[in-house]
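Let us read a structure together, turn by turn, beginning with a helix and moving on to a ligand.

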Amino acid sequence: MAEQKNNNLIPRPPVVVVMGHVDHGKTKLLDYIRKTSVAEGEAGGITQHIGAYEIIHKNKKITFLDTPGHEAFSKLRARGAKAADIAVLVVAADDGVKPQTLEALEHIKSAELPFIVAINKIDKPESSPERVKKELAEHDVLVESWGGKIPSVEIAAKPGTNVGELLDLIELLADLGELKGNPDKSAEGVVIETNLDSRRGFVASLLILDGTMETGDYILSGTATGKIKILENFLGNPIKKAAFSSPVLVVGFNELPLIGDKFITEKIPFTVTLKVAKKIGELIEKSVESTEEKSNYVHLIIKGDVQSSVEALKESFEKMQFSPFGGSPEGGENAAIKVLKAEVGNVIESDFKTAIIGDALIIAFNVKIETAIFGTEKEKIPVISGNIIYDVLDKAEAIIKEKLKPKTTREETGRLQVLAIFRQEKNRQVVGGKVISGEIVKGSRFEIIRNDIIMGQGRIAGLQSEKKEVGKIEAGKEAGLEIDFGDPKIAIGDILMLFRKLP
Ligand code: GDP
């Protein structure tokens, strides 16, 4: 570390994060504040979303993180960075406390952030701020007007009612917090957004938490290093220097740093031994080595234009639920997605190589597919491209389902028509019916057929004939079935088609 000058601590502006349930008005509030409080003539100059902006309120600066909601915030937190000083918890007065309100509260509590409750949409006739306060009290959040310590303000973000009061409260909390920074030391902070710019290369939005950075400084974040070639403020204007609480855009990294990672700057180059060798190829070979797993998994390579989209896609894929019947011949209970690679950048030759080795699908979100690779081999690799997350997810889901379908051949062994439904729970259904062909055997799998369409699958966990447990029942007889998969729900009139797998 370079010599740091003294302990010149001076007050620094607060960094504010806005959290709350979806549709409660976080974006509207951030938009309103940006439009009205970014210095005159400059707001229109914001051409690029860099994840944060600065305002001046009554001659004092406030920085707002405008990363979408608390997902981004929790990512920042997960990586050990406490990026914000103050939280604003937005609760819509016409909707009240909702699951994501509580989730946001948990984040706020575990980060020990001072916070303000902004009860929003009070312009709506059906709004009830008192109800919100009551519901908050039920979750141990007592606002001042209810005798507690949490400041609250009733606002309407759309017309801007009382937003000024909210900003006053933020200033007040910031003053109470005695936030301090040292402008004389090298900068440190967190990465809030990253982007691969076709012209400028790796571009990172950073939030400076302490110190000062200048063009020409050396920078380090995770395995990414570099020298700051271009420094811009949140409006996209070139600057030479920036200090704590400011969001900035930096060009000069040798690779994209990760959102939420810390960064530090120095006047002298960092020793590059810190750089970790990233041998993606090796990793991939390892993860596909165990071939017996292979048919249970669908491998993915995700490429996108910005880190936040890549991460959003990765998370969505990892959360996707697939029917437990697809996948392996045994039924594929482990059917799942494995992301081999999730990176910012165009789809390039090495991605295709990886896809061929790993039998993977390539997801190309808002990026180009660089052609002239591998001729016919390439044709075999499905590439799903698009620029709307949900479209891409939908398209991919269809292909993944296809890939997970059982590949073994099978033989129909019997059919039963459902005549009665006795019980339907999440993972258990009890139905009765008549065996109309072949025989039905305990433990068998079946398809649920309704109007000649296969609705889903199931398995017979228990079988009863005339109230006695039996192993099988022949055609012509009535049967009671206990089924241990509950989705979709079986209906009267459905045909259950049983099958046996061939070796
Ligand atoms: P977010 O999901 O929390 O970011 O919510 P948005 O800011 O996107 O707002 C959700 C919806 O509520 C939008 O249709 C907004 O126009 C509306 N909305 C937000 N604030 C207000 C408000 O103060 N009054 C009214 N009437 N509508 C609002």
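**Reading a helix and a ligand site**

Q: Why does the span of helix H3 (residues 99-110) agree with its number of residues?
A: The expected span of a helix (a DSSP run of H or I of at least four residues, numbered from the N terminus) is 1.5 Å times one less than its number of residues. For the 12 residues of H3 that gives 16 Å, and the end C-alpha atoms are 17 Å apart, which agrees. This is a predicted model, in which local features need pLDDT of at least 70, side-chain atom pairs count only at pLDDT 80 or more, and totals for chains, interfaces and linings use all residues. Residues are numbered from 1 along each chain as its sequence is written, and side-chain values use heavy atoms, with hydrogens and water left out.

Q: Which residues of H3 are buried, and which are exposed?
A: Buried means under 20% relative accessible area and exposed over 50% (1.4 Å probe, protein chains only). Thr101, Ala104, Leu105, His107 and Ile108 are buried in H3. Seen down the axis, these buried residues fall within an arc of 160° (taken from the directions from the helix axis to the C-beta atoms), so they line one face of the helix. Pro99 and Glu106, on the other side of H3, are exposed.

Q: Which polar atoms lie by the oxygen atoms of the ligand?
A: A polar contact is a pair of N or O atoms within 3.5 Å. Polar side-chain atoms of Asn120 and Lys121 lie 3.2 Å and 2.9 Å, respectively, from an oxygen atom of the ligand, while a polar backbone atom of Ala157 is 2.8 Å from a ligand oxygen atom.

Note on methods: Helices (H or I, at least four residues) and strands (E, at least two) are DSSP runs, numbered from the N terminus. A polar contact is a pair of N or O atoms within 3.5 Å; within protein, one must be able to donate a hydrogen and the other to accept it, and residues adjacent in sequence count only if both atoms are side-chain atoms.
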